[in-house]
Amino acid sequence: MSARRIFQLALVLCFSAVTIIAQEPGTEPDPIKWTIKSHASEPVKAGNRFLVELTAQIENGWHLYSTERVEGGPTPTRIMIPSGQSFEVAGEIDSPAPHSSYDPNFQVATEYYDGAVPFMIPVRALANPSGIPTRLRVQVRYQTCTQTICLAPKLLELETQIQIAGVEADPKQSGARAGVENISQALAVGAMVPDFDFTDFTGKSRHFSEYRGRYVLLDFWATWCSPCLADIPHLKETQFKYRARGLEILGMDSETLGQEQVEPGFARETEARAREIVHTRGVTWTQATTETSVPAVVKIFGVNNLPAKILIDPDGRVVARVKTSSELDDLLARLLNAKQ
C-alpha cells in the first residue's frame, strides 16, 4: 500500500460500539483537536485552485476511523464543504494511509488513524460578487474510540479566512465551532410522562398516550450504537414472553442524539440504515423516526447516553431507567409474571 491514500468524498454510515457517550457540552471527552489552514500563497480569484489542510491531532489511546465503510463497523470520517459558499471541492481529498487491524470493539477489521493526521482538500474559488473577505467553512463528521469507549458520531465545523484578490484581510482568526442541544433534567422514578407525538416507520402519526393501560419499554437506540444492536435478540425474547401479559416495546431511533448540526445526507442515510436493520433483524415493535424521536429523547426523557431503556407503567409513570438485561428481566418477572 502506498504511503498516502486518495479517497473520494462519500457519505458513509456504520455502527458504533461498546459504551456510547453523547453528553452535555463540557462533560464528554474531547480526544481529537482539529485545526485548519489555507495553503493559498497569494490572494485568490474566481477559478483559482488551492489546498486547505485539515489536521486531526488524536490523543494517545484514542483513534479516528478512516473514510472506509465497514459493514458492522464504526461511522467513518466524512469531510465536506457546505453549499452556499464562494468555494467548492475541486477534486479528491488526500490523506495518509490508515492502519488496518482487527477491532475488538466491533469484532471486524477496521481502518483507523492515530497521532497527527493531515487531510489535504483541493478547493476552487467561485465568484465573490460581494467583494468582501471570505471565510471558508469545512465540516467533518467523525467517530473516535478507545479499546473500551466509543463517542457518538460528531459533526464539527471549522473556518479559515481566504484572502480574496483586491480585498483587505479580515483580522478574525480561524477556528472551530460545534455544539449540542441542551439536555433537560431526567424524569425521576414515579414521574408522569407527558404525552408526545411521533411518526412511526410506516409514516403514521402516533401519540404516546395510545399505550396507556399497558407497560411500555422505551428503547433508545441508533445504528451507530453497537450495544443497542446487540440488545435486539434479548428484546425479541422479551416481547415474545411478555407482550400477552401487557408489555409493549417502543423503539426511539436516536441517530442524531447530541448533534446540533445534521447535514441532510447523513440524516437520510441513517434513516435508511435504521429501516434496514429493523427489517433484516426481524424487529416487529413500533419504531419512532429520528426526526420525531430525538426531541422527546432530549426534552422529555433527558437521555444523553446510548443504549438506554426506560420502563413506563400502565398509568404513564416512570418505573425505572433500566441499565442491564438482567435488571429488565427481574423487573418484568416481578411486575408481569402475576398475569400468567
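These legends accompany close-up views of a predicted model.

**View 1. The whole chain in outline.** The chain holds 5 helices and 24 strands. Of its 340 residues, 51% are buried. Its accessible surface comes to about 15,600 Å², and carbon and sulfur atoms account for 49% of that surface. Take the contacts between residues at least 6 apart in sequence: 77% of them join residues at least 24 apart. The structure also contains 5 cavities of 30 Å³ or more.

**View 2. An open sheet of 5 strands.** The strand order is β21-β20-β19-β23-β24, with mixed pairing. β21 (286-288) and β24 (318-322) stand at the edges, each with a single partner strand, so one side of each has no neighbour in the sheet. On average, neighbouring strands are turned by 20° against each other, direction ignored. Strands of a sheet pair through backbone hydrogen bonds, parallel or antiparallel.

**View 3. Strand β23 and its two partners.** β23 covers residues 308-312 and runs antiparallel to β24, joined by 4 bridges. With β19, β23 also pairs in the antiparallel sense, here over 5 bridges. Follow I310 across the sheet. On the β19 side, I310 is the bridge partner of L218. In β24, I310 stands opposite R321. Further along β23, I312 stands opposite V318 of β24. The hairpin of β23 and β24 has 5 residues between the strands, and G316 takes a positive phi near 90° there.

**View 4. The side chains of β23.** In a regular strand, side chains alternate between the two faces of the sheet. A308, I310 and I312 point one way from β23. K309 and L311 point the other way. Is this strand buried or exposed? Buried: 5 of the 5 residues of β23 have that status, so the strand is largely enclosed by the rest of the structure. The buried set includes the lysine, K309.

**View 5. Helices against the sheet.** Helix α2 (residues 232-242) lies across β19 (215-221), β20 (247-253) and β23. α2 runs at about 150° to β20. Helix α5 (residues 325-336) packs on the sheet as well, touching β19, β20, β23 and β24. The direction of α5 makes about 155° with that of β24.

**View 6. The second largest cavity.** Rolling a probe the size of a water molecule over the atoms shows where empty space is left. This cavity has a volume of about 70 Å³. Which elements each supply at least two residues of the lining? They are β19, α1 (226-230), α2 and α3 (264-280). Lining residues include D219, W221, C228, L229, I232 and L235. Also among them are I277, V278, V283, W285 and Q287.

**View 7. S66 in its loop.** S66 is found in the loop between β5 (63-65) and β6 (78-80). At 1% relative accessible area, S66 counts as buried, because the cut-off is under 20%. Beyond residues up to four places away in sequence, S66 touches P76, T77, P98, E111, Y112 and Y113. Y112 is 46 residues from S66 in sequence, yet their C-alpha atoms are 5.0 Å apart.

**View 8. K33 on strand β3.** K33 belongs to strand β3 (residues 32-38). With 46% relative accessibility, K33 is partly exposed. Setting aside neighbours within four places in sequence, K33 is in contact with T55, A56 and Q57. K33 and T55 are 22 residues apart in sequence, and their C-alpha atoms are 8.1 Å apart.

Terms used: Residues are numbered from 1 along each chain as its sequence is written. This is a predicted model: local features need pLDDT of at least 70, side-chain atom pairs count only at pLDDT 80 or more; totals for chains, interfaces and linings use all residues. Side-chain values use heavy atoms; hydrogens and water are left out. Two strands pair if DSSP finds at least two bridges between them. Axes are lines fitted to C-alpha atoms, for helices over the stretch in contact, and angles run from 0 to 180 degrees between N-to-C directions. Contact means heavy atoms within 4.5 Å. Buried means under 20% relative accessible area, exposed over 50%, partly exposed in between (1.4 Å probe, protein chains only). Accessible areas come from the Shrake-Rupley method with a 1.4 Å probe; for residues, only the protein chains shown count as cover. On a 1 Å grid over the protein atoms alone, a cavity is a set of points where a 1.4 Å probe fits but cannot get out, and a pocket is an open set with protein on both sides within 12 Å along at least five of seven lines; lining residues have an atom within 4 Å of a point. Grid points are joined across faces, edges and corners, and a volume is the space filled by probe spheres set on the points.
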